[in-house]
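Student: I've got the sequence and the model open side by side. Can you walk me through what's in there?

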Amino acid sequence: MAKVEEYRGCVIPADLYYDIENQVWFRVNEDGTVTVGVTDIGQARAGKIINIRIKAPGKYVKKGKPVASLESGKWAGPVPADIEGEVVERNEKLFDKPDLINEDPYGEGWIARLKPANLERDLKDLVTGEEAIQKQKEYIEREDVNCREERAQISKKYYK
C-alpha cells in the first residue's frame with residue numbers, strides 16, 4: 001500500500017500524479033491506461049456533486065481540455081485532462097450517483113480511464129510523491145481548505 005498522508009482532514013495518496021491548481025489526480029495503471037479523478041481537496045471545495053458529464057469512450061481528449069465537467073450546488077467546472085489521450089472507459093456509476101466523487105474520490109469516485117498519447121511527456125507537468133504532498137499542503141493552506149469540515153457540511157446539508 002502506498003503512503004497516504006492526511007492534512008486538515010484531506011487525504012493525499014503519494015502514489016498518484018497531481019494537477020495541483022485544478023485538483024485532479026491521475027493513476028498510471030499496469031495496462032498502460034491512466035485513471036483520472038478529482039482529489040479529496042477538489043471534491044471538498046466543490047461541495048456535493050449533483051451532476052457530471054464525461055466524454056464517451058472513443059473520444060480523444062487533447063492535453064488540458066476537459067475529460068469531464070462537474071456541477072455541485074455551489075460550483076460548476078471542467079475536469080481537465082493533463083494527460084492527452086483517448087477515453088477508453090468512463091465511470092458509468094457516476095451518472096446515477098455523482099456524489100461517489102465526494103464519498104470516495106480515489107476509489108469508486110474515479111471519473112474516466114484514458115489511453116495516453118504521450119505519457120512520458122505529460123507526466124513531466126504533474127507532481128507525485130513527497131513533492132505532491134508538500135504542494136497539496138501548501139494549496140490547502142493558501143486556499144484555507146479543511147476537508148473534514150467540508151465533508152461534515154456536505155453530509156449535514158444533504159443527508160439529513
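Student: Let's start inside. Which residues of the largest nonpolar core touch the most other members?
Tutor: Keep in mind that this is a predicted model. The core has 25 residues, and strand 4, strand 5, strand 6, strand 8, helix 3 and strand 11 each supply at least two of them. Those with the most contacts to other members are Val67, Leu70, Val79, Ile101 and Ile111.

Student: Take Leu70. Which residues is it in contact with, leaving aside neighbours within four places in sequence?
Tutor: Contact here means heavy atoms within 4.5 Å. Among the partners of Leu70 are Asn51 and Gly77. The others are Val38, Ile49, Ile52, Trp75, Ala76, Val79, Ile101 and Ile111.

Student: And how many residues are in the second, separate core?
Tutor: Ile20, Ala132, Ile133 and Tyr139 are included in that one. In soluble globular proteins, nonpolar side chains tend to be buried together. The size of the second core is 18 residues.

Student: On to the sheet with strands 6, 8 and 9. Which strands stand at its edges?
Tutor: The sheet is open and antiparallel, with its strands in the order 6-8-9. From one strand to the next, the twist averages 25°. A strand with a single partner has one side left without a neighbour in the sheet, so the edges belong to strand 6 (49-54) and strand 9 (76-80).

Student: Which residue in strand 9 is the bridge partner of Ser69?
Tutor: Strand 8 (residues 66-72) pairs with strand 9 in the antiparallel sense over five bridges. A hairpin of three residues joins the two strands. Opposite Ser69, the bridge partner is Pro78.

Student: Now helix 5. What span should its 15 residues have, at 1.5 Å a residue?
Tutor: Helix 5 covers residues 129-143. The expected span is 1.5 Å times one less than the number of residues. The end C-alpha atoms agree with that, since the distance between them and the expected span are both 21 Å.

Student: How wide is the arc that holds the buried residues of helix 5, seen down its axis?
Tutor: The buried ones are Gly129, Ala132, Ile133, Gln136, Lys137, Tyr139 and Ile140, while Glu130 and Arg142 are exposed on the other side. The buried residues pack against strand 1, strand 2, strand 3, helix 1 and strand 12. They line one face of the helix because they fall within an arc of 160°.

Student: Which residue just after helix 5 takes a positive phi?
Tutor: Look right past the end of the helix, where phi is about 55°. The residue is Asp144.

Terms used: Residues are numbered from 1 along each chain as its sequence is written. This is a predicted model: local features need pLDDT of at least 70, side-chain atom pairs count only at pLDDT 80 or more; totals for chains, interfaces and linings use all residues. Side-chain values use heavy atoms; hydrogens and water are left out. Two strands pair if DSSP finds at least two bridges between them. Helices (H or I, at least four residues) and strands (E, at least two) are DSSP runs, numbered from the N terminus. Axes are lines fitted to C-alpha atoms, for helices over the stretch in contact, and angles run from 0 to 180 degrees between N-to-C directions. A nonpolar core is a set of buried Ala, Val, Leu, Ile, Met, Phe, Trp, Tyr and Cys residues joined through side-chain atoms within 4.5 Å. Buried means under 20% relative accessible area, exposed over 50%, partly exposed in between (1.4 Å probe, protein chains only). The arc is that of the directions from the helix axis to the C-beta atoms.
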